[in-house]
Every structure is written in C-alpha cells, then in structure tokens.
Amino acid sequence: MSAQQTLVTPPTDPARRARDARRRRHVQPRSERVAGAFLHLELLVVAVIVIFPLLWIVGASFSPGTGLANASPIPADATLDHYISLFTETDYGRWYLNSLYVATINMIGSVVLSALCGYVFSRIGFRGRKAGLLGILILQMFPTFLTAIAVYMLFLNFGLLDSLTGLALVSIAAALPYNTWLMKGYTDNLPGSLDEAAALDGASRWTIFVKIILPLMRPMLTFVAITQFTMPWMDFILPALLLQSPEKQTVALGLFAMIEDVYQNAFTTFAAGAVILAVPITILYIVLQRYLVTGASAGAEKG
C-alpha cells in the first residue's frame, strides 16, 4: 500500500488574525500620512496665530509701566497695578455695567425676535412673504454705519439720545435681518410633519411654536445669543454717535480714550480692561456651548 502524505496547515490563532487585520487597517498610504502631517502643521500654525495675541494681551496687562516697549507675554515683574487703577482711577466699573446692560438686552431681544420672525417666514404663508424676505436680504447687505445719520436724527426727534436702552434697540434692529434669515433657513430644515401632527391633535400655532419648534431651534438660538451678547462689548461707532454723557459710556469708548492720545496713553491699563471684558463672554460661551451640540437631538427626542 502506497503511503500518501497529507499536509495539514495548522489553524491560525484568531487573536493573531485580529491583530494582523488591525495592523493592515491602521497602515495608511504615504499620501494620506503626508496630508495628515500638513493638516496638523496648519492647525498648529493657526493655533499659534490665535493664541499668541491673547497671551500677549494678558501678559501686557500684568507688565509694569504704561507703554508697549516693556510688555511681554510672560512679564518678569508681574503686577496687579493696572487692574487696581482701572477701578480706582477710572469709571471702568460704570462702563462695564453699561455694556453689560446693553449686551443683555440685545441678546434677549435678538433671540426672541429672530425666533419669532424665523418661524413666521418659514412656516406661515402670507401675502407679501417673498417681498419681505427680499427686503430683509437687501437690508442686511448694508453695514450699520451707513444709516448712522438717519438713526441719529430719529433718536433726536424721539428723545432717545444718550440712552442705553435706545442703543440696545438699535443693535437689535441692526442684526435682525441677518438673524431672521439665519433662523428661517434653520427652521426650513425642520420636518413639517411635526407641525402637521400637532395641528391634528388640536395644537394652535403658538403651541406648536413654543412646545415643538422652539426646542428644536435651541442650537441656532444659542449661536444668536452668544454673538449678540458679544457685539455690544466691541461696538464703537454707534455708542460714540448716540451716547454723550460720561456716565453713559460703554467699555469700548472708555478703553479707546486711554490710547487715543499720542503723547499720553496707557496701553497696559487698556490691556487689563480688555482681559476683564472677555470674562462675561467666556462664561456665557462655557455655559451655552453644550446646547450647540446637544440641542437638536434633545429637542427631537422631546418632540
């Protein structure tokens, strides 16, 4: 009887096969590795460009002296004198409260009006709707300062000059066209079946808006709230035009007065004021930023 030799391949270890599969999956082509390296390099350069001025401003606020020559991101002789002089030698506290008042009213008013206008233009069909949208689109193409003279004359006739509330109203009106289109475009992407199902259950338009659409708007409303709260802190043209008395000045006007004189300026005190100015904006972003991500899914689950 002839003996026939049979070769039997030993079974491969499953753990080894899994390791080999992961290794092959993680090995990227050379072109992808080069592209990834350039992407990380680009992100690093952008991070340095963004972070270095912030570090420099913070360092300058702690640097001794008043000029920029001795300022550095990491001062050798750090001091708190500039922060102390802000509240003892200037009216920075009043400027800060004035800006906080205008920013809060601007944020609340912009969120409420933009949500209502966005819902109306997106969900309700009425005569003149397209003309209204076109008019809003045209209005947002022009910068606010082009209407500065008209706004000044309007405020003069109605007795609203030197009024923080009037300044907040102008800020709301200036940003409303853009915010309306923003909210309208976002609402257009929400399923109309939600409205129809609620209407079949007997819900009114107001109930549909408040109970269904408004929670789904939360991410975009958060964006509007953050941007509209930020704008009045840095706005200079309208406060300089509409505010006249020193006790009604905002932070932007007060800080600019520290550096407008060529021969006598306080750049380091200006830097300290800019650092404190960023505190409420940072706090608001930290509090609301989670709604930018979780708002849409949470609203859909509740609906």
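**Packing, pocket and cavity in the predicted model**

Leaving aside neighbours within four places in sequence, Tyr 92 is in contact with Leu 86, Phe 87, Val 251, Leu 255, Gly 273, Ile 276 and Leu 277. The coordinates analysed here are those of a predicted model. Tyr 92 also belongs to the largest nonpolar core, a set of 36 residues. Within this core, the residues with the most contacts are Tyr 92, Ile 213, Met 217, Phe 229, Trp 233, Val 251 and Leu 277. At least two core residues are supplied by each of helix H3 (81–88), helix H4 (92–123), H7, helix H9 (205–216), helix H10 (218–234), helix H12 (251–259) and helix H13 (267–302). The greatest contribution comes from H4, which gives 8 residues to this core. A second, separate core comprises 11 residues, including Val 151, Leu 161, Leu 167 and Leu 243. In soluble globular proteins, nonpolar side chains tend to be buried together.

Confidence was examined along the chain. The mean pLDDT of the protein chain is 82, with 86% of residues reaching 70 or more. Among the elements of the chain, H4 has the highest mean pLDDT (93), whereas helix H1 (residues 14–26) has the lowest (62). The pLDDT is below 50 over residues 1–11, a stretch that makes 0 contacts in the model beyond near neighbours in sequence. Residues 295–303 likewise have pLDDT below 50, but this stretch has 11 contacts in the model beyond near neighbours in sequence.

The largest pocket has a volume of about 700 Å³. It is lined by 26 residues, of which Pro 143, Thr 144, Ala 173, Ala 174 and Ala 175 are the closest to its centre. Helix H5 (129–139), H7, H10 and helix H11 (237–242) each supply at least two residues of the lining. The largest share, 8 residues, comes from H7. By class, the lining of this pocket consists of 17 nonpolar, 8 polar and 1 charged residues.

Helix H7 (residues 164–188) also contains Asn 179. Because its relative accessibility is 2%, Asn 179 counts as buried, the threshold for this class being under 20%. Residues up to four places away in sequence not being counted, Asn 179 touches Ser 110, Ser 114, Val 224 and Gln 228.

Enclosed space was considered separately from the open pocket. Rolling a probe the size of a water molecule over the atoms shows where empty space is left. The structure holds 1 cavity of 30 Å³ or more. The space in the largest cavity amounts to about 40 Å³. Its lining is formed by Val 102, Leu 167, Ser 171, Pro 232, Asp 235, Pro 239 and Thr 250. In terms of class, 4 of these lining residues are nonpolar, 2 are polar and 1 is charged.

Among the residues lining the cavity is Thr 250, which is found in the loop between H11 and H12. Thr 250 counts as buried because its relative accessibility is 2%. Apart from neighbours within four places in sequence, the contacts of Thr 250 are with Trp 95, Ser 99, Leu 167, Pro 239 and Leu 243. Of these partners, Leu 167 and Pro 239 also line the largest cavity, and Leu 167 and Leu 243 are included in the second core.

Technical notes:
Residues are numbered from 1 along each chain as its sequence is written. This is a predicted model: local features need pLDDT of at least 70, side-chain atom pairs count only at pLDDT 80 or more; totals for chains, interfaces and linings use all residues. Side-chain values use heavy atoms; hydrogens and water are left out. Helices (H or I, at least four residues) and strands (E, at least two) are DSSP runs, numbered from the N terminus. Buried means under 20% relative accessible area, exposed over 50%, partly exposed in between (1.4 Å probe, protein chains only). Contact means heavy atoms within 4.5 Å. A nonpolar core is a set of buried Ala, Val, Leu, Ile, Met, Phe, Trp, Tyr and Cys residues joined through side-chain atoms within 4.5 Å. pLDDT is the predictor's confidence in each residue, from 0 to 100. On a 1 Å grid over the protein atoms alone, a cavity is a set of points where a 1.4 Å probe fits but cannot get out, and a pocket is an open set with protein on both sides within 12 Å along at least five of seven lines; lining residues have an atom within 4 Å of a point. Grid points are joined across faces, edges and corners, and a volume is the space filled by probe spheres set on the points. Ala, Val, Leu, Ile, Met, Phe, Trp, Tyr, Cys and Pro count as nonpolar, Asp, Glu, Lys and Arg as charged, and the others, Gly among them, as polar.
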